[in-house]
Each structure stands twice: as C-alpha cells, then as structure tokens.
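Colleague: Before I use any of the labels attached to this model, I would like to hear how each one is justified. Could you take me through them?

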Amino acid sequence: MHPIIKLVSQRLALGLLLLFGASALIFGLTEALPGDAAQAVLGQSATPEALANLREEMGLNRPALTRYFEWLGGILQGDLGQSLTNKLDIADSIGKRLGNTLFLACAAAVVSVPLAIFLGLLAVRFRNRWPDKLISAVTLTTVSIPEFLIGYVVIYFVSVKLGWFSSLAMINESMSFGEKLYAITLPAFVLTLVVLAQMMRMTRAAILNLMQSAYIETAELKGLSNFQVIARHAFPNAISPIVNVVMLNLAYLVVGVVVVEVVFVYPGMGQYLVDSVTKRDVPVVLACGVVFAAVYIGLNMVADIVSILANPRLRHPK
Amino acid sequence: MSDTLLKVRDLKIGATVYPPGEKPHDIEIVHGVSFDLERGKVLGLIGESGAGKSTIGLASMAYGRGGVKITGGEVWVNGRDILQSSHGDIRKLRGGEVTYVSQSAAASFNPAKKIMDQVVEAAVEQKKFSRKEAEARARDLFAKLGLPDPDNIGDRYPHQVSGGQLQRCMTALALCPEPDLVVFDEPTTALDVTTQIDVLMAIKEAIADTGVAALYITHDLAVVAQVSDDIMVLRMGNTVEYGTTDQIINSPREDYTKALVSVRSIEHAEKQPTPDPVLSVDGITARYKGLNFDVLHNVNVELHPGQTLAVVGESGSGKSTLARVITGLLPPRDGEITFAGRKLSADLKGRTREDLRELQMIYQMADVAMNPRQTVGTIIGRPLEFYFNMRGSEKRKRIVELLDEIELGEKFIDRYPAELSGGQKQRVCIARSLAAKPKMIICDEVTSALDPLVADGILKLLLDLQKIEDVAYLFITHDLATVKAISDSIAVMYQGRVVRYGSKSEVLSPPFDDYTDLLLSSVPEMHLGWLEEVVAHRKMESAGN
C-alpha cells in the first residue's frame, strides 16, 4: 500500500477514536455534576417524590453506561435528543446555529488566514526593519487584549460614534448574502484581530527557520529576488507548520466564538451554549460539546493530513 | 579584452561577532588577498577550516554568508568591479555569470521541488535560455556528468537520488546557465572515496568540455592537485603561498605548505597478535528495530591488548552498527562478544560497572559529546568520581595528569568546551575516556571532522597514549590513510559483511578482492595526474573483463 494512504487512514481512525473518547469524557463530566435533568426541570423546591417520578419517566434511573450508549447511538443516527426547556429537537436548533457560527468563522478565516500569511512573509522580507516591528507590535497588541474588550471598543467607536454598523449582528434566513455579510462585519473583524497574531508569528518563525537552510543560499546565489526566494523556496517547505497553526486557529474560530457571539448577540452556537448552560439544559450542553469536539478534532485531523501530503518524501517514496 | 576573468585585489572581509558577555564587535577574517583567474582555468583555494577559503569563493559572487561583510578591496568579474555594482547587477551576476556548487548537495537542493525545476531555474530566471532550451541543456549535462537515465532523472525529487548523484546534479545546476565561472566549494568532501573519484572526474571533464573557469575550494591538497592549474594556500585569512599546481605540490616553499603536502606521513610498525585477545566478536548478526533485513551478517573479528583494529568501510557498511553492538546499545540477533576473558551481556542493562569502565568510547563530534555547561575539569573528573570514587585534591591531581598526557596542561581545567578548538575538544574527550583506565576504547570516526594537520596530531597522540596506557583501540573510519597510519589489523566492511580481515600487511598487500582494490585505489594521492591514471586503469580493467 502507498505509505500516504496508510498514514492518512491511520489519522482518520485515530480521529474517530479520539472523538469517541471525547464524547465519553463530555458525558462523564456532565454526569459528575451535582443535580441532573430532573432536578433542573423541577427546580430546587421539588419534592423527592416528584423528582423520583420524573426520573423514572425520563429514564434517568438506569445505569449511566446504558444511557451513554443510547445517547451515542442516537448521535450516530443524527438524533441529538430533545431540549428540556422548549422540547424542540436539538439537531434542528443546532443545525441552524452551527450554520450561522460556521458562516461567521468562515468569513473571519477568509480574511485572516491569507492576511496572516501575507503579513508573515512581509515580516520575513523586512526582517528586523520597521515593517516587521510594526506588524509584530500591532498583532501582539490585538491578541493581548481580551476579545470582549475589543468587541465593546469597536462597538463604541464604529457603531455608536460613527454609526457605520449596527452593534447587533442579528441575521436571519430572509436576509440576502450581502446583508448577512454586512451584519457580521464587526464580529468577523474582532475575530480576525484575535487569531491574526499567532498565525502571522508562526508563519514568520517557520519561514525564518527555513531561511537558514543551505537551499535558500543556493536560491540566493541563483540571483533570485528576495521575495522569489521566500515564496518559491521557503514557503513550500513551511506549509506543514503553517497549516497546523492555521487549523488550530480555525478550530478556535468555531469553538471559541462564544464570547464574541454573546457580545454581538449573534445567533450562533456560542449563544445557544451559554443560554443552555444558564437554563441547565443538559442534553443541549452535551450536544454542543460533541459538535465542538468534532469540529476541533476534524480540523486538526485535516492539518495532520495536509502535513503528510506536503512532505515530498512521503508523496514520492524512493 | 584581456583573458582575465576574475581579478581580486586586496580583498578584505569582516564579520560582526557576538561573544557572550561582551559587546558585539567587528573582526577581520580575510586580510587582503589578491589573485587572478583566466578564462577556462582552475584555481584551487586550499586551507584548513577558518582559512577563509569559502568566504573568498562567495565574495566572487558579492555574497557574504551570515553576518559576513566585504569590507575592502576589489573583485573584478568580466571587467567590472562587482563590489561597486548595483543590487540588480549583482543579481544578474549570480546564477548567470558566476554559479556555485556547495559541499552538501543534499542540503542545497530544495526538498520540496523536482531536480529539473531547480537545475534550470537560474538559467531561465536570468533569461539566458528558454525553459525548453534550458531543460534540453540540463539533460545534456546529466548525460555528460554520467548520471543514470539522464532524460528522466530531472523528474525526481532530491531524496530519490543518491548523495553522489545529487552532487553531480548540483554541478549540472551550476553549469546549466553557461556561466563564465563556477565556484566549487568542497564538492566531494561529503562523499565516500569511491564516489568521490567519479564525481571528481565528472567535474574535471565538464570543466574541460565547457571551457568554464573555476575556483575549486577544498581542504584536501591531494584532491585539488588533480583538478587545478594554480593553487593558493590560505591560512587564517592570509595567503601563504600562491603558485602553479606543479610548484606547490613538488617544490613547496613555505613550511605550512610543506606540512600540508607531507600530511599523513605517520609511520606505525605493526604489532604481532597475542594469544589472548581483549575483545572477540563471534558471529554477530544484527538488525535495527522496524527493519526487515540484517545490517550486520555474521561478523567475526578479534582485537589484541594494546593494539589497534581498524574497521574500515563506506557509509552504510555497518561499521558504526558494529560499535553499537559491542557497546550493548543494540543487542544482536545472534552471536556473542567476549571481552577481557568474560562473556558480555548482549544488552547494556546487563553489564557490570567494570564492563562499562573497561570499554570506553570516543565519538566523531566532540562538541556534542560534551556538556557545554561543564568545565573541562568537571568533564574529565566525572569518570574519576564514578568509577574510582576520587574526590578533592586527589581527583584534581589525576585530572592535571590527564591534561598533561593530552598535551593541553593544567590551564585548561576551568575552561568550557565552547572555548576550545575542534582538536582540543577531541583531546578532552580522549582524556575523559582514559580517565576510566579502560582496556579498550572504541574510536568512532574521531578524526573525520578535523582538519588534516589537527587530525594528524590526534592520531599521533592516540598512538603515544597506547604505548603509555597499553589500551586497545577499535578504530572505526572511512579514511584509508588513517587506517594505514595507526592500525595493527584491519577489517574491511562492505554491506554489513567483513570482506577482508587480517593483519595490516596482509590486508594491504595484493592480491586484493575487488572491493578492497576499489577502496584502496580511490584514495587520492598527492601527485599530479593521479586521477587520470586511476580512471584509465579502471577503464582498461573493465575492457579486459
């Protein structure tokens, strides 16, 4: 078998195993929390009899392992269960919310990934000169400030003072694509600022590291321009570390948007998760956890696979 | 226009150094070097590390490696002073008029791109040829340089061809844009001797065919004597001697040149085997975990007390693996090792402290074999504490004795490895292994990272110490000159097997097996025309077969 196919299938299998483990962990942790769904539904003042009845009704008396496998079986068939609070199907609600979150994350990624890589290349090209220092200083500043603070500062200046954008990033299905994009401009901008620095610095470091290689000297001695040397000879070899940090940040864009979504009242997964946690809606929290885990593991798996594919030794064995 | 292609006048090159704890300051590393190179001629630049030869070679492309800056003088290429040229003109010069072949082609090819793309890049970029013309030219050069399957080898990636082939591809890369001058920077140093001879011949023929001029940089005078018309001997950034190849080799004027010419003239009378060997290796077969083939096949050798067994072979012959088996780092699949009359445990964990003490090791890279944060005294004192429980003044006295034995002296006791030269570091490693009072030391390529004169000093020291301490050496090397200099018996290894084994005089006297013959005849000799003789001899032999 081609070594690539073997390695990639290993990664896939490992990813699935990891996801399985993550689901067990999420389920176990919510089990370990004090109180359960019955308690949550009936509130603190419920009588023990009422609690026992509801537990019987909801099947909470059965062993945790049984319930876990039922729950897992449901997920595998696309059934995430029902919300406790509004009795709606969780899969439906999450579907819409996840779509919104992915839309926001994609918009931020489309801007931030090429920008980060370009800034990284630029920083290498003007290493230790003012453009490099400026890029480093600005990106480091934005990553050091908590995103909710950036969010509120942006809202204050851009929405309140200038009035260019609404401070609420509400979107719904009746809006056109352009209207949606306009609505999410501010949260996407804040997210971009948050993830830019790490990707840019990693690109810079990975390429600078490669610039010490003998083949870079060879390229310079061919009379290539600095930018040709970086783009043609250094970048292809830096793909693997760059992809890894890009994927980590994309995962963060999906999983970590909670705060930004709350600040801009954006109807995504983050809002949904925060609402459910405050309402102690355990099935929804579980479902959100699994979806986040799947996104995280999936993106990192993609990074691994891209790294494998980017390695010429694996792509073209002897 | 005159025939002078490259004219260097009073070239001065400097660098900024950043010593720890001191302010950064500028130092000069080349102090006013001048020479001329005519079209189609080859000038050899020779010297030890730190002589500035690579720096001068790169200066002919107006290039400074790392923080190196050209601080003065003139470099005229094709009638213009390139040190005064604009950035754009220098880019046209590099890869167009002057090209470069580096020591390690394996590191100098971009691993992510096909060989052909890299070979034609400069020619296309400099608009000397169209992509199509350049590729045709490259295939021509591949054939001329004796590469297998010249029409398709360019489609491979660098890791898919051997080191010797890659070095030839690098030569093709340099010749492809039809330059006026090629800088060859130690192009065969990283190769095995049998490969070196082919690459050397290929380079020499390519130079003759294309009429290109060349700067040939190397530390090996025997090699440069084969390819160059003139030779410049450099030492610490100064010209020592500059003359025709014939004059430098046959009638050197300066003492330093004479020392370089007569290097490796150590004479060592062979000792007779004793009845009781200190080490006997019986039928060792070994493989690495995860491999499905053996890297050692039924190896049998013996080493006698106070003598030297040289294990010689090219890279991949299994000689270092043999050392790993003897030290217990790699338990063999079959066979056993008897040391000082007792059977050694195959696994390192099963060995006694006495086993460890009596069997020491010295490595190729002295600087990574020492803890950079320990002083020389601590490094040498450690085995004294560990094996002999020495403390305080007793330990210090012994350390000073050892430092005297390795000809460094007490003043080195508080120095750190970073404050030592390469040869001094290796001496400290020798002292550390001697501190354990071993019966035997495994020396793994201990001189291959050193300059010839320094290496000579180390070999002499090892021979002297052998007389004083009566220690046996298992000497692993790829360098036959070293073998001749110090061994009492020799084992020639090839693809995991011992193909020839016996006393030095037996192994080095005819009739030879094919491999030993090839190996022996490939060692460059310090006389003009040696390369042609060997190649002609081989052609005759293959025609006769």
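Modeller: What follows sets values from the model against the definitions behind the labels.

Modeller: This is a predicted model, in which local features need pLDDT of at least 70 and side-chain atom pairs count only at pLDDT 80 or more, while totals for chains, interfaces and linings use all residues. Residues are numbered from 1 along each chain as its sequence is written, chains are lettered from A and ligands numbered from 1 in the order in which they are written, and side-chain values use heavy atoms, with hydrogens and water left out.

Colleague: Why is B:Glu97 called buried?

Modeller: Buried means under 20% relative accessible area, exposed means over 50%, and partly exposed lies in between, with a 1.4 Å probe and protein chains only. B:Glu97 has a relative accessible area of 15%, so the label is buried, whereas B:Arg80, at 28%, counts as partly exposed.

Colleague: What makes B:Arg80 and B:Glu97 a salt bridge?

Modeller: The term requires a side-chain nitrogen of Lys or Arg within 4 Å of a carboxyl oxygen of Asp or Glu. The closest N and O atoms of B:Arg80 and B:Glu97 are 3.2 Å apart, and the pair is listed as a salt bridge. This pair links distant parts of the chain, 17 residues apart, with B:Arg80 in strand E5 of chain B and B:Glu97 in the loop between helix H2 and strand E6. Helices (H or I, at least four residues) and strands (E, at least two) are DSSP runs, numbered from the N terminus.

Colleague: How do you know that B:Arg131 and B:Glu135 are separated by about one helical turn?

Modeller: They are separated by about one turn because they lie four residues apart in helix H5 (residues 131–144) of chain B. Their closest N and O atoms are 2.7 Å apart, and they form a salt bridge. B:Glu135, at 19%, is buried, while B:Arg131, at 37%, is partly exposed.

Colleague: And what is the N to O distance in the salt bridge of B:Arg382 and B:Glu385?

Modeller: That distance is 3.8 Å, and both residues lie in helix H13 (residues 376–388) of chain B, three residues apart. B:Arg382 has a relative accessible area of 46% and is therefore partly exposed, and B:Glu385, with 23%, is likewise partly exposed.

Colleague: How many salt bridges does a search of the whole structure find?

Modeller: The search finds 31 over all chains.

Colleague: Why are H7(A) and H9(A) called oblique to each other?

Modeller: Axes are lines fitted to C-alpha atoms, for helices over the stretch in contact, and angles run from 0 to 180 degrees between N-to-C directions. Angles under 35 degrees count as roughly parallel, over 145 as roughly antiparallel, 65 to 115 as roughly perpendicular, and the rest as oblique. H7(A) and H9(A) pack at about 135°, with their axes 10 Å apart, and they are therefore oblique. Among the residues that meet, with contact meaning heavy atoms within 4.5 Å, are A:Ile150 and A:Val154 in H7(A) and A:Phe189 and A:Leu193 in H9(A).

Colleague: Which residues touch the most other members of the largest nonpolar core?

Modeller: A nonpolar core is a set of buried Ala, Val, Leu, Ile, Met, Phe, Trp, Tyr and Cys residues joined through side-chain atoms within 4.5 Å. The largest has 60 residues, of which A:Ile207, A:Met211, A:Leu250, A:Leu253 and A:Phe264 touch the most other members. Helices H7 and H9 of chain A are among the elements that give two or more residues to this core.
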